[in-house]
Amino acid sequence: WLDDLLDGGQCDAVVGIDNLQSLVYPVAGYPAITVPLGASVAGYPYGATFIGRRRDDARLLSIAYAFEQATRWRIVPDLAALTA
């Protein structure tokens with residue numbers, strides 16, 4: 001179904017606003033990478049998972065890198081606050 005989505009939508013990647021399924025896609029043969037989106041109100045980091053076409057890892061990395069550079073939403077978590 002992911003092939004149909006990528007081909008039918010004529011897109012190079014799909015994006016999920018979490019990383020809960022990020023391990024499922026590579027096992028199924030699809031490259032996936034999670035890019036930082038900032039932090040929750042509680043200070044926990046979260047991200048967007050980009051999923052690409054089979055054997056198109058280089059394109060997916062370039063899409064994810066471009067998104068990360070354009071948004072600069074990565075934050076360094078306050079580890080002391082997370083363990084308190």
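Student: In which strand is T49 found?
Tutor: The model is predicted, so read every value here as computed from it. Strand β3 spans residues 45-52. T49 is found in strand β3.

Student: Does T49 count as buried or exposed?
Tutor: The cut-off for buried is under 20% relative accessible area. T49 has 3% relative accessibility, so T49 counts as buried.

Student: Which side chain does a polar contact join to that of T49?
Tutor: T49 is buried at 3%. A polar contact still reaches its side chain, at 2.9 Å. The partner is the side chain of T34.

Student: What pattern does the protein chain follow along the sequence?
Tutor: The secondary structure comes to four helices and three strands. Read along the sequence, these elements give the pattern α-β-α-β-β-α-α.

Student: What percentage of the residues of the protein chain count as buried?
Tutor: The chain exposes about 5,800 Å². Carbon and sulfur atoms supply 58% of that area. Of the 84 residues, the buried share is 25%.

Student: Among contacts between residues at least 6 apart in sequence, what percentage join residues at least 24 apart?
Tutor: Contacts here are heavy atoms within 4.5 Å. Count those in the protein chain between residues at least 6 apart in sequence. The share joining residues at least 24 apart is 56%.

Student: Which residues make up the largest nonpolar core?
Tutor: β2 (32-39), β3 (45-52) and α3 (57-71) each supply at least two residues of the largest core. Apart from this core lies another, of six residues, among them L2, V14, Y30 and I51. The largest core has seven residues: A13, V35, L37, A48, F50, L60 and A64.

Student: Which residues does V35 touch, not counting those up to four places away in sequence?
Tutor: V35 belongs to the largest nonpolar core. So do A48, F50 and A64, and V35 touches each of these three. The full list is Y46, G47, A48, F50, A64, F67 and E68.

Student: Which residue forms a salt bridge with R54?
Tutor: The salt-bridge count comes to three. In the one with R54, the closest N and O atoms are 3.7 Å apart. The partner of R54 is D3.

Student: How many residues apart in sequence are the parts that R54 and D3 tie together?
Tutor: R54 lies in the loop between β3 and α3, and D3 in helix α1 (residues 2-8). R54 is partly exposed at 35%, and D3 is partly exposed at 33%. The parts this pair ties together are apart in sequence by 51 residues.

Student: Which residues are linked in a network of salt bridges?
Tutor: R59 and D12 meet in a salt bridge at 3.6 Å, N to O. R59 also bridges D56, with the closest N and O atoms 2.9 Å apart. The network therefore links D12, D56 and R59.

Student: Is D56 buried or exposed?
Tutor: Its two network partners are partly exposed: R59 at 40% and D12 at 35%. D56 has a relative accessible area of 17%, and the cut-off for buried is under 20%. D56 is therefore buried.

Student: Which residues do ring pairs link into a cluster?
Tutor: The count comes to two aromatic pairs. One of them, F67 with W73, is edge-to-face: 5.9 Å centre to centre, 85° between the planes. F67 is partly exposed at 23%, and W73 is partly exposed at 44%. The cluster holds F50, F67 and W73.

Student: About what positive phi does R55 have?
Tutor: Most residues other than glycine have a negative phi. R55 is in the loop between β3 and α3 and is exposed at 75%. R55 is not a glycine, yet its phi is positive, at about 60°.

Student: What value is the phi of R72 near?
Tutor: R72 is in the loop between α3 and α4 (79-83). R72 is exposed, with a relative accessible area of 58%. Its phi is positive in a residue other than glycine, near 50°.

Technical notes. Residues numbered from 1 in each chain as written. Predicted model: local features only at pLDDT ≥ 70, side-chain atom pairs only at ≥ 80, totals over all residues. Heavy atoms only, no water. Core = buried A, V, L, I, M, F, W, Y, C linked by side-chain atoms within 4.5 Å. Buried < 20%, exposed > 50% of the residue type's maximum accessible area, 1.4 Å probe, protein only. Polar contact = N/O pair within 3.5 Å; in protein donor to acceptor, adjacent residues only side chain to side chain. Areas by Shrake-Rupley, 256 points an atom, 1.4 Å probe, with all protein chains shown as cover. Salt bridge = Lys/Arg side-chain N within 4 Å of Asp/Glu carboxyl O. Phe/Tyr/Trp six-rings, centres within 6.5 Å; stacked < 30°, edge-to-face > 60°.
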